Every structure is written in C-alpha cells, then in structure tokens.
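Welcome to a short set of exercises on reading helix packing from coordinates. Keep your viewer open, try each task, and then compare your steps with the solution.

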Amino acid sequence: MVDAILQLPPTQRTVMAFVISGSDTREIAEALHMTLGAVNTNICRVRARLKTTLGLLKGVKDA
C-alpha cells in the first residue's frame, strides 16, 4: 500500500496523507488552498488509481 501511495502524483499523495490522518474535505481544502471540488476530485482519482495499482477492481482475481 505504501509503495502504491508513493507512486501517486505529489498533490494526490498529499491529499491522501490528509485523508489517512483523518482530515475531512473542508480541512484538506483549507490546508492546501484548494476548492472542495478539487479535493473531492483528487480523492476520487486517488481511490481509482490505488484500486488499479493494487488490483482491487471488480473481476480482478489473485490481487
């Protein structure tokens, strides 16, 4: 998991660090000077990328 997170682009990695630490989207947006929409977009992209990287997509066997 750590290796997959380290492969993320810098902004996505930073957003993910905030998510893992328990910050909500509003806190992340304020800390990174981003809109709530930008934070939510980054979270969705991170989740999709991690699912792909970790082989967690539906129908993928032996992940």
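The exercises below go from the overall fold to helix pairs and then to single residues. Please keep in mind that this is a predicted model.

**Exercise 1. The overall fold**

Task: Find how many helices and strands the protein has, and what share of its residues counts as buried.

Solution:
- Step 1. The protein contains four helices and zero strands.
- Step 2. Following the sequence, the pattern reads α-α-α-α.
- Step 3. There are 63 residues in the protein, and 22% of them count as buried.
- Step 4. Now take the contacts with a separation of 6 or more: residues 24 or more positions apart account for 44% of these.

**Exercise 2. Helices α2 and α3**

Task: Work out at what angle the axes of α2 and α3 cross, and which residues meet there.

Solution:
- Step 1. Helix α2 spans residues 10-20 and helix α3 spans residues 25-32; their axes come within 10 Å and cross at roughly 135°.
- Step 2. An angle of that kind makes α2 oblique to α3.
- Step 3. The crossing in which α2 passes α3 is right-handed.
- Step 4. On the α2 side you will find Thr-14, Val-15, Phe-18 and Val-19, which meet Ile-28, Ala-31 and Leu-32 of α3.
- Step 5. Sorted by class, the contact of α2 with α3 has six nonpolar residues, one polar residue and no charged ones.

**Exercise 3. Helices α3 and α4**

Task: Decide whether α3 is roughly perpendicular or oblique to α4, and list the residues that make the contact.

Solution:
- Step 1. The axes of α3 and helix α4 (residues 36-53) are 9 Å apart, and the two helices pack at an angle of about 110°.
- Step 2. Angles of 65 to 115 degrees count as roughly perpendicular, so α3 is roughly perpendicular to α4.
- Step 3. From α3, the contact uses Thr-25, Arg-26, Ile-28 and Ala-29, while α4 brings Leu-36, Val-39, Asn-40 and Ile-43.
- Step 4. The classes in the contact of α3 with α4 are five nonpolar, two polar and one charged.

**Exercise 4. Helices α2 and α4**

Task: Describe how the axes of α2 and α4 cross, and divide the residues of their contact by class.

Solution:
- Step 1. The axes of α2 and α4 come within 9 Å and cross at roughly 95°.
- Step 2. This makes α2 roughly perpendicular to α4.
- Step 3. Thr-11, Gln-12, Val-15, Met-16 and Val-19 of α2 take part, together with Val-39, Asn-42, Ile-43, Arg-45, Val-46, Arg-49 and Leu-50 of α4.
- Step 4. The contact of α2 with α4 divides into seven nonpolar, three polar and two charged residues.

**Exercise 5. The two ends of α3**

Task: Identify which residue caps the N-terminal end of α3, and which residue follows α3.

Solution:
- Step 1. Asp-24 is the cap at the N-terminal end, with a side-chain oxygen 3.1 Å from the backbone nitrogen of Arg-26.
- Step 2. After α3 comes His-33, which lies in the loop between α3 and α4.
- Step 3. Check the backbone of His-33: its phi is positive, about 55°, although this residue is not a glycine.
- Step 4. His-33 counts as exposed because its relative accessibility is 74%.

**Exercise 6. Three residues in detail**

Task: For Gln-12, Asn-42 and Met-16, decide whether each is buried or exposed, and find what each touches farther along the sequence.

Solution:
- Step 1. Gln-12 lies in α2 and counts as buried because its relative accessibility is 10%.
- Step 2. Beyond neighbours within four places in sequence, Gln-12 is in contact with Asn-42, Arg-45, Val-46 and Arg-49.
- Step 3. Asn-42 sits in α4; at 11% relative accessibility, Asn-42 is also buried.
- Step 4. The side chain of Asn-42 reaches the backbone oxygen of Ala-38 at 2.8 Å.
- Step 5. Not counting residues up to four places away, Asn-42 touches Thr-11, Gln-12, Val-15 and Met-34.
- Step 6. Met-16, in α2, has 15% relative accessibility and therefore counts as buried.
- Step 7. With residues up to four places away left out, Met-16 touches Ile-5, Leu-8, Val-46 and Leu-50.
- Step 8. Finally, compare sequence and space: Met-16 and Arg-47 are 31 residues apart in sequence, with 9.1 Å between their C-alpha atoms.

Terms used. Residues numbered from 1 in each chain as written. Predicted model: local features only at pLDDT ≥ 70, side-chain atom pairs only at ≥ 80, totals over all residues. Heavy atoms only, no water. Axes fitted to C-alpha atoms, helices over the stretch in contact; angles between N-to-C directions. Parallel < 35°, antiparallel > 145°, perpendicular 65-115°, else oblique. Left-handed = near helix turned anticlockwise from the far one by under 90°. Contact = heavy atoms within 4.5 Å. Nonpolar A, V, L, I, M, F, W, Y, C, P; charged D, E, K, R; others polar. Polar contact = N/O pair within 3.5 Å; in protein donor to acceptor, adjacent residues only side chain to side chain. Buried < 20%, exposed > 50% of the residue type's maximum accessible area, 1.4 Å probe, protein only.
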